[in-house]
Amino acid sequence: MVATIRATCVSSTKQSTPRWTQTYANRHVFRFRSKPQSGSRQSPHVRGRQQTPTLLVASATEDYVEKALSNPEWFWNGADEFTDLDDRKDLPPLPLPEISEPKRVVLVRHGQSTWNAEGRMQGASDFGVLTAKGEEQAIDARNLLEDDNFEALFHSPLKRAAQTAELVWGDRFAPKYDLASLREIDFYSFQGLMKDEMRAKYAEEFKIYKANPEQFQIDGHYPVRELWHRASLAWQRILTDKYAQTTLVVAHNAINRALISTAIGLPPSAFNTFQQANAAISVVDFTPSPNGGPPHATLDRMNNSAEPLFTTNSKGTKDDEGMEKDAVDDKRVILVRCAATDSTEDGLITGRNDEKINMLGRVQARKTAEMLLDVKIGSLVCADSSRSLATANEIADLRELNSEERPDVVVKPELMNLDVGDWEGMPAIEVRGSALPENAERLEVMWQRAGQAWKDILEEVEEKGTVVVVGHAAMHGAMLCQCLDLPMEAFSNFHLDTGSVTVIEFPEGALHGQGVVRCTNHTSHMGRWAVPATVNLNAAGCGVEGCFIY
């Protein structure tokens, strides 16, 4: 039976522990929050007086009607406790604030919540709490970060993120801040619905949300465009904390994607480009601009976690939001940066110096080869360098050892590393922020090579399935830009460590569908040899073997 109902509900008048807020510039609200009592999460602006919000439910199933009547607070009624913050604005994101020293921000998504497990749309609602699995995921993230130092913690005020933050933070003594702009995307009438209900009730809106997220509109709002603006408000507070050089941020799937995207210059149309798994870790570095203004942002890594990167999956399995997913084993590109050499360990720019991998490189190559045993490889290609060939052959040899057919290793000359001229052999830290030397390869030439290589790789994905590409950071960064439709100037926005893995999936096909970046610079599979999340920012290069001036 289908019914159209109009239900009213009266909010509880029970008093909660008071909260107070202080308003800062750019309409940003920085909220200190004491622990609330159990009961309603009523807005502090209306607490203590009755409300009679209206809940409108149209074309609902009997199950939907029953839930709407028994749990009216789950559903959007036109306002919530964040309404008076006045940060739901369809405005362009603000530029990143100017900084005077390098900063690193480590982003963690909350662990699995009860609503994640159920497959219910959460948005900025606050009814989901961590499941037992979610707590385990948060503890795994804490273990990955246990040796890392942070000067501040910022987290979303929503319970699932606050619980995760508490578990990840442990007994550290640095300041902790509850930041309202870090709440999850405001989904309005999507909130509270099961995924299937949402698809049925808002079929056209859901279609736009998936295909053209920047045009997605509901209840008179553009949620993704508003999210991009709100993410820029969060950056204003996080990056201007004068006491924190390395900061931990614990928030949500969509807001983390928006934070990453606004940092590296991606528009709201790229909303569905990145993935953020429960309790996964992403890292963004910020380097001051030598001429003032917004800093240079580098995505050090994205969506790294303790859970296996690859598992055998098939149709009928569900993602961490509880939605059905298809197997994509035959439609992905796996970028593997060649393993370490003595020069890379010493922080030197290798360029086209044909150096062999060292002991650490052999460990990295073997660890990556072991992880890729769970992937059906259609093609294995590599750059024409000793370190690339050694890494690729380790991947091929281990499959043969595992009683599988050994894939052919195909050398692609167009994947050769960037020729850095006189920079070859120099410490990356010494040339950071400098223009490439005159005898280096012109970036336009490298960019053209990368574009042709990416086009050829996509054609191979469509024909053969998963393609593993072993090569160099500069070329892989340029191909990531090709995938994300970023300009040539952005290729140093991606940091890729030796032996790291970057995965791009094509659920709708490689030639016509949008690539979805599942992770970048993944090294968690290396165990004790994984790259830590915090480093000495003043001693590290950034981007692709240093940040170049264009």
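Buried, in these notes, means under 20% relative accessible area. I am working from a predicted model.

**Entry 1, Ser343.** I began with this serine, which sits in helix H9 (residues 342-345). Is Ser343 buried or exposed? I found a relative accessible area of 13%, and the cut-off is under 20%, so Ser343 counts as buried. I then looked up its neighbours: leaving out residues up to four places away in sequence, Ser343 touches Leu348, Thr350, Asn353 and Glu355. With Glu355 there is also a polar contact between the side chains, at 2.7 Å.

**Entry 2, helix H14.** Next I turned to H14, which covers residues 473-484. From first C-alpha to last, this 12-residue helix reaches 16 Å, close to the 16 Å expected at 1.5 Å a residue. How many of the residues of H14 are buried? I got 11 of the 12, so the helix is largely enclosed by the rest of the structure. Among the buried ones I noted Met475, His476, Met479 and Cys483. Their cover includes H13 and the strands S11 (332-337), S14 (467-471), S15 (501-505) and S16 (516-522). Just after H14 comes Asp485, and I jotted down its positive phi, near 60°.

**Entry 3, the cores.** Met479 turned up again here: it is one of the residues with the most contacts inside the largest nonpolar core, which has 93 residues. Leu182, Trp235, Ile238, Phe286 and Val469 share that listing. Helix H13 (residues 443-464) gives the most to this core, with 9 residues. Apart from it I found another core, of 21 residues, including Leu309, Ile334, Val375 and Leu380.

**Entry 4, Leu182.** Last, I checked what this leucine touches beyond four places in sequence; Phe154, Arg230, Ile238 and Leu259 are among them.

Terms used. Residues numbered from 1 in each chain as written. Predicted model: local features only at pLDDT ≥ 70, side-chain atom pairs only at ≥ 80, totals over all residues. Heavy atoms only, no water. Core = buried A, V, L, I, M, F, W, Y, C linked by side-chain atoms within 4.5 Å. Buried < 20%, exposed > 50% of the residue type's maximum accessible area, 1.4 Å probe, protein only. Helix = DSSP H or I, 4+ residues; strand = E, 2+ residues; numbered from the N terminus. Contact = heavy atoms within 4.5 Å. Polar contact = N/O pair within 3.5 Å; in protein donor to acceptor, adjacent residues only side chain to side chain. Expected span 1.5 Å × (residues − 1).
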